[in-house]
Amino acid sequence: METLSSVPLGRPPLFRRLSAVLALLVLSPVCAEYLIGYDSIIGRPWELVSGLLFLAPLYGTVAVLIREVVRRSGRGWPSILLLSGAFGLIQAGVIDQSLFNPHFVSDPFWSQERLPTLVPVAGISVHHLLGFVVGHVIWSFAAPIVVVESCVPRLADRPWLGRGGVTALLVLYVLAFVVFFHEHTREFLASTAQLGTTAVVAAALAAAALALPRRHEVSSGWVPPPWLAGGGAVGVMATHQLAPPGWSGVLADLTVLSLGGGLLLLWSGRAGWDRRHALVVGGAALVVNSVLSFAVEPLGGHTSYAAKYAANATLLAAVIALLASAYRRVPRPGPSTATASTALRPSPAPGPGPAPGPSIAKMPPSATDSDDY
């Protein structure tokens, strides 16, 4: 099996880069909207496929753009997570305004989940805030990014698009923003204070992401084997998804997320952490939602249980096949890579001189950036 040190230098072919972009454009909305199976279209395959034409510009473009900004600037996963939080707030607080709309879903369960932790002065449910924003961070953006990068390890630390491609995705996202905002605000529009506060917090998160240092010292210390890291991630994410809507559930969710996030930050900064660890943590998110989907009752309309379970099973099988394929592609750490993996840690800052880490990270900007697509 290849190691990172055996990867040839030079700009990757356009086809390979665009294939990675297309994969992320598709996987992001699938993870965001389809895996958990909450919508009634889960039993209608053609609607699932056609829906990607609308959801990919809303979710997939953001995932690709977040990744491009971070990889171009030489930063790492803390920046990706902060930018994901910023766009998650924009999605839930500005575009569809599910954070503020008391009648976003015409089903009694919406109020049952919203009211126990409602903060009246802000018009927001803490349970929903935590669920929606963390959900976007993990399932809409971070997990799809790490899984697709694991499928193309030779391209994982490099930009995939030039200025033309980035501009095209920006335009596509703006158009999706306008369309979805118009659709969701026909009957409800959040207050100026709510929208303004959301925008300010999102901007602060984005600024913090870009203010993080580009270089990171790798420390020594124990790192769990990949299977243990993945098992822990399953526990954390399942707890998040199953936390009850009251204050006790919020406290339990915050505790588990904080503990899991802290351990992830600690371990990913150590020499023994590699891309296999990153993949099993990101893959755990896909597996959790795929499994939980079998117990989720679709909202609105009548869905054939046979069609629903068939779709759930198909998506679960696809997730397992994707993760298995990605795991086979991830290079095993060798003597030259065991202490230098950049997975789930800040990447070395690009520059004219050599950077620490594997040869894939030593490339000057001219080899990874271009003005074409």
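**View 1. A284 and the residues around it in this predicted model.** Setting aside neighbours within four places in sequence, A284 is in contact with G230, A233, V234 and M237. A284 itself belongs to helix α10. Is A284 buried or exposed? With a relative accessible area of 4%, A284 is buried, because buried means under 20%. Look also for L323: its C-alpha is 9.5 Å from that of A284 in space, while the two residues are 39 apart in sequence.

**View 2. The second largest pocket and its centre.** This pocket has a volume of about 1,200 Å³. Which residues should you look for at its centre? Of the 46 residues in the lining, L81, L257, G260, G261 and L264 are the closest to the centre. Five elements are worth tracing here, as each gives two or more residues to the lining: α3 (77-95), α5 (126-151), α8 (226-242), α9 (247-268) and α10 (275-292).

**View 3. What the lining of the second largest pocket is made of.** Which element supplies the largest share of the lining? That is α9, with 11 residues. Sorted by kind, the lining residues comprise 35 nonpolar, 10 polar and 1 charged. Helix α10, where you met A284 in the opening view, is also among the elements that give two or more residues to this lining.

**View 4. D157 and its partner R275.** To find D157, go to the loop between α5 and α6 (163-184). Here the side chain of D157 makes a polar contact with the side chain of R275, at 2.6 Å. Where does D157 stand on the scale from buried to exposed? Its relative accessibility is 11%, so D157 counts as buried, the cut-off being under 20%.

**View 5. Stepping back to the chain as a whole.** After the close-ups, it helps to see where the pieces sit. The chain has 12 helices and 2 strands. Starting at the N terminus, you can follow the elements in the order α-α-α-α-β-β-α-α-α-α-α-α-α-α. Of the 373 residues in the chain, 51% are buried, and A284 is one of the buried residues. The chain exposes about 16,700 Å², with carbon and sulfur atoms supplying 71% of that area. How do the contacts spread along the sequence? Among those between residues at least 6 apart in sequence, 82% join residues at least 24 apart.

Technical notes. Residues numbered from 1 in each chain as written. Predicted model: local features only at pLDDT ≥ 70, side-chain atom pairs only at ≥ 80, totals over all residues. Heavy atoms only, no water. 1 Å grid on protein atoms, 1.4 Å probe; cavity = no way out; pocket = protein on both sides within 12 Å on 5 of 7 lines; lining within 4 Å. Points joined across faces, edges and corners; volume = space filled by probe spheres on them. Helix = DSSP H or I, 4+ residues; strand = E, 2+ residues; numbered from the N terminus. Nonpolar A, V, L, I, M, F, W, Y, C, P; charged D, E, K, R; others polar. Buried < 20%, exposed > 50% of the residue type's maximum accessible area, 1.4 Å probe, protein only. Polar contact = N/O pair within 3.5 Å; in protein donor to acceptor, adjacent residues only side chain to side chain. Contact = heavy atoms within 4.5 Å. Areas by Shrake-Rupley, 256 points an atom, 1.4 Å probe, with all protein chains shown as cover.
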